[in-house]
Structure formats: structure tokens, C-alpha cells
Protein chains: 2
Amino acid sequence: MASPTISVKSTGVTIGQAAAFAGVTVKTVRHYHQHGLLNEPQRDSSGYRRYGSADLLRLVQVRTLASSGVPLAEVGALLDADAEQFTAALADVERRLTERIADLIARRDTLRQLADGDRLLLPGRALAILDRLTDLGFDPVYVASQREGLVLARALAPKFFDIFLTQLEHRLDDPQFVALTKRGWDARSWPPDDPRIDELASDLADNLLANREHLTLPTDYRPRSDDATRYGLINHHLEDHAPAWTRLNALVETKLRAAGVPIPYQ
Amino acid sequence: MASPTISVKSTGVTIGQAAAFAGVTVKTVRHYHQHGLLNEPQRDSSGYRRYGSADLLRLVQVRTLASSGVPLAEVGALLDADAEQFTAALADVERRLTERIADLIARRDTLRQLADGDRLLLPGRALAILDRLTDLGFDPVYVASQREGLVLARALAPKFFDIFLTQLEHRLDDPQFVALTKRGWDARSWPPDDPRIDELASDLADNLLANREHLTLPTDYRPRSDDATRYGLINHHLEDHAPAWTRLNALVETKLRAAGVPIPYQ
DNA sequence: GCTCCACCTTGCCCCAAGGGCGGGGTCAAC
DNA sequence: GTTGACCCCGCCCTTGGGGCAAGGTGGAGC
């Protein structure tokens, strides 16, 4: 009747029509059947599903909740719940959606900080140090390897990363240290038993020991069992490239250890 | 060496240590290997993977991009790209992230509008009509069936939903129509061949034809091929529940059609 | 030497919400 | 009678890993 009263037509519509009415694909409707959100409607003589108005009503309800972000697994229980449970469950769904949104926003913010390709993966203070190395006349290859070292340091020892940067800043303020480091870079092509390596190692150790701010540790530092592993990985990164460095490192470490410098600065 | 220079340790760390350093699970690292984001490192004599600092560097880079929301499928190409491509690709990733965020926020907003459980799935104007039905003394069961009819109407014929509501508002302003509708509700228990049904059908048709605003159509209305199907489903929803309604509907439809009323109001 | 425990290896199946494809049956129109 | 649009079912694919199984290894304590 044309009044507000309502009632069912016998045959019903096919799955494609039902899907089009609800604004979804046929596949989606079958998916809802498989997961028990929608009862299978009657089938006609050739096995086609035939949807009546009650089936469509349910489909529309399921779709409304699903497209509002309610997980399918919860839609069924939600539609069968009373008003109180319904409201509480919706609030919970909304809370989870808000969490996901906040997470994605945080990721996007992180992403923005990486947007300068050449300066990938490092914060501004570290980038300033790399720029300074370039200004001091270091080989671009050396600067690139330093960038790798900083990326590694940041990931492996985030707690000490700032201290690590502070040390580097102090060291680069010292012209003698800068000169020795440049000589260390030249040493990559020396044979491992070159006597100049012994001399350079002594000079480096003397410089570090004479300038305690080059070796500053936080006052509350307590060595952890894997600190040595972590610092070892950072310090020895790229040692492959030059056998001379392996020896230079070993010599400097021995001298510092003899002077009582704690583990992370071996 | 303790200077900024960097170099490699021979043995390397196990997968568990590498994962812990990068803040991920062992499974995740193996996952990255499987998808070619990370080369397989050297194996030791017992087949364990051994990660050197270069491997860790790569792992850290992959992880940084992945946890910023870059799809894994793009991380590899991104890390091998030059600065220009890198920047462009990151901007694209950021755009997609922003899209997803907007989508989730829209879902959450929709969700909020559903938050009153008893009034599920309908806008305020439709809810006002339902409240009015209650105030007019309609049976709660009738009101509930009307709610279902409105949900269905909204989904099946969104373009006409507002017009549908306007019609209902007009009809409820007419005390005679209200009285006839209540009598129609009582008719659910009559036998289908009850002569009172013929009488009621005549009265309903006369009322509708005498009040053209009860049947208002948009002036630019052009029937579409599936309009009849859609309106049929809405009008006949629940006809199952009372055989008398089937006959009442059919009689009213015939009378209206005879008077030249177009399809959606049959 | 023995055992325990934590760690490593590979391989297979699982999640959410469907998409795509393939082989086959059906309906309506031309 | 044939074409095109629709329907059926079932299998594999997606993202970013998680869980579990069955078996090998390494170091510590007894």
C-alpha cells in the first residue's frame, strides 16, 4: 500500500542487484555470507540467490556498520545487541579507529623529516656535523662513510646518540684532532705494518687523553652487557675497506684501555 | 678507532641480536630477506646468519622507511634511488598516507552519527518522523517496522529519500490519513477476503488523490528502469506478516494507477 | 659426560576484506 | 542459435608479519 505501512514481494532480486542497491560488489555480498553476517537467502530453480526486502535490510545494516570502520567480525554481534551494548561497542570501535589515525599521523610526520633524500635518516644536528666535515675539507667519500656510521649509531645506541654527537662537535673544534683524522683517512692506503701507523696511533691516543671532553661520558653511565658489541659494530664499520685501519684501531684501543678509559670508548 | 673514522669486525652478530638492535622481531628480519629488501648475510659453520655492520646499516635504513609508512614493496627501490627520485617517491607515499588518514577520519565521523543505538542508521529528520508516530499513538511494533522501511528506503533510493520524508510529513499532518493508516494496521489480522478491506482501500485511495501533496514528485522526475523494483521492495517489505495487506496494497495500487499516478507511487 | 635452556634453521598455515581468475551453467534478446 | 550479461563455486593473491612444528646448536651448570 502507498501508506507508510510496509510488507514482501515473492521472487526477490539477484545478487548483482542486491549488491548494486547496497553499493558494494557481488564478491562482497558473498563474503558476508561466508562469514555469517548475512543468512543465505532462498535460491530459485537454477540455484541463483534471491534476495527479499528483509535480506536487503540486513545487507544495508551490515554495510553501514562495515563502511563506518567496524571490523566485520564484530558487525554480527553488534546488530544483534541491545541499545546499551551497541553504544558501548561503538565507542570502543571509535577509540580503536582514533588510535589507528594517530599512528598513521605519527608515521606521516616521521616521513616528512626524511624528505631530503641526500640527508636520509638523520636529524638536523647530525647533518650539521656532516656539513662541517665537508667545510673542513674532508673527502666526500669520508663524509659519506661518516653518514653511514651516524645512521648506525643512532639505531644501535639511541640513548648515547646525543652524547656521541657532542663528542664529535668537541673533536672537530680541535684543529689538531682534525689534522690527525685526515691523516687517518690517508692511512687507508698504507700497508698494515707501516711504521707510520704506530706513530699516528700514539698521536691520536695522546690527543684524546689530553682533551677529556673528547671522551666525556654521562656521570650515571653503567656499562650494559651488549654495549661493547654495539660500539664495536659502529667503530669497526667499514674496517673491511682498509687493513691498515684494523691495526690503527687496535693500537688506539689498547692505549686508551691502558689509560683506564671505559668500554664504549675503547 | 675512537676517532670518527669507521671500519668492520669479522664475525658479526646473530639474527636475534640484529633484530633487537633494530627494534624488530627475528621474523621481521627474515621477512625482509624473503622480499629482497635485505641481502642474506654470511652464514657461520652451523648455518646461522651473521650480520656485519653493513648489513645492520641496511636493516636500519629499511626499518626507518617501513616504520614511517612506506610500503615494503617500495622500500628497496627507494633506498637505491638517487636524491631526486627519492624525494618524489617520498612525497607520493606521504600523499597516500594522507588519503588513508582522511578516509579513516570520515569513517570515524560516520560512526559517531550512529552512536545512539536505538536510532541506528537513520538521520535526524527520519527519527523525528518515527517519534511523531509514537506520539500519535501508533503501536511500537508498527513504528519499528516503519524504521526498517526507512532504512531500506534510504539505501535503495537515496535520491528520493528526502522527498519520501516530505511526503510522510505531509501525510502525518492529515488526521484523516492518520486514522486510515491506523485502521490499516488493525487490518493485519483480518482475513484477506474481508469486505472491510475493499472499503479501506477506497478510502485510502480517495484520501491520497484528494491531497496531491501526499503524492508530490519532483518536477524533473523521469522513471528509471529499476525504480519499480526498488519501490516494490520498499512498499512490500513485511507483506509476509499479513496476507490482508497484500490485498490492501494491490487494491490501492490499482485505484491509483487508474487515476494516472506514476510508477513510484503505485 | 649429561642435561637444560635459549637460540637458530626451514616450512607451513593464519589474520582482514575482499580482488582476480577460471571453468562452467543460465537467462534474455537478437 | 548465438551473443553478452549474469550467476555458480573454488582457488590463489594481497600487507606485514605472527604462530607453531620439528629439528639442529651453543653455552652454562651439575
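Begin by selecting α2(B), which gives the most to the surface near DNA strand D in this predicted model, with four residues. Add α1 (15–22) and α2 (26–34) of chain A: these two helices and α2 (26–34) of chain B each supply at least two residues of that surface.

Next, display everything around DNA strand D, where 20 residues surround the strand. The closest are G16(A), R30(A) and R49(A) from chain A, with K27(B) and Y48(B) from chain B. On the DNA side, sugar and phosphate make up 62% of the atoms of DNA strand D that come within 4 Å of the protein. Coloured by residue class, the surface near the strand shows seven nonpolar, seven polar and six charged residues.

Now inspect individual phosphate contacts. At G16(A), a polar backbone atom is 2.6 Å from a phosphate oxygen of DNA strand D. In chain B, select S46(B), which places a polar side-chain atom 3.2 Å from a phosphate oxygen of the strand. Then turn to Y32(B), where the corresponding distance from a polar side-chain atom is 3.5 Å.

Finally, move to helix α12 of chain A, residues 243–258. Its 16 residues, at 1.5 Å a residue, should span 22 Å, and the end C-alpha atoms are 23 Å apart, which agrees. Select A244(A), W245(A), L248(A), N249(A), V252(A), E253(A) and L256(A), which are buried in α12(A). Looking down the axis of α12(A), one sees the buried residues fall within an arc of 160°, so they line one face of the helix. Just after α12(A), stop at G260(A), which takes a positive phi of about 85°.

Notes. Residues are numbered from 1 along each chain as its sequence is written. Chains are lettered from A and ligands numbered from 1 in the order in which they are written. This is a predicted model: local features need pLDDT of at least 70, side-chain atom pairs count only at pLDDT 80 or more; totals for chains, interfaces and linings use all residues. Side-chain values use heavy atoms; hydrogens and water are left out. A residue is near a molecule or strand if one of its heavy atoms lies within 4 Å of it. A polar contact is a pair of N or O atoms within 3.5 Å; within protein, one must be able to donate a hydrogen and the other to accept it, and residues adjacent in sequence count only if both atoms are side-chain atoms. Ala, Val, Leu, Ile, Met, Phe, Trp, Tyr, Cys and Pro count as nonpolar, Asp, Glu, Lys and Arg as charged, and the others, Gly among them, as polar. The expected span of a helix is 1.5 Å times one less than its number of residues. Buried means under 20% relative accessible area, exposed over 50%, partly exposed in between (1.4 Å probe, protein chains only). The arc is that of the directions from the helix axis to the C-beta atoms.
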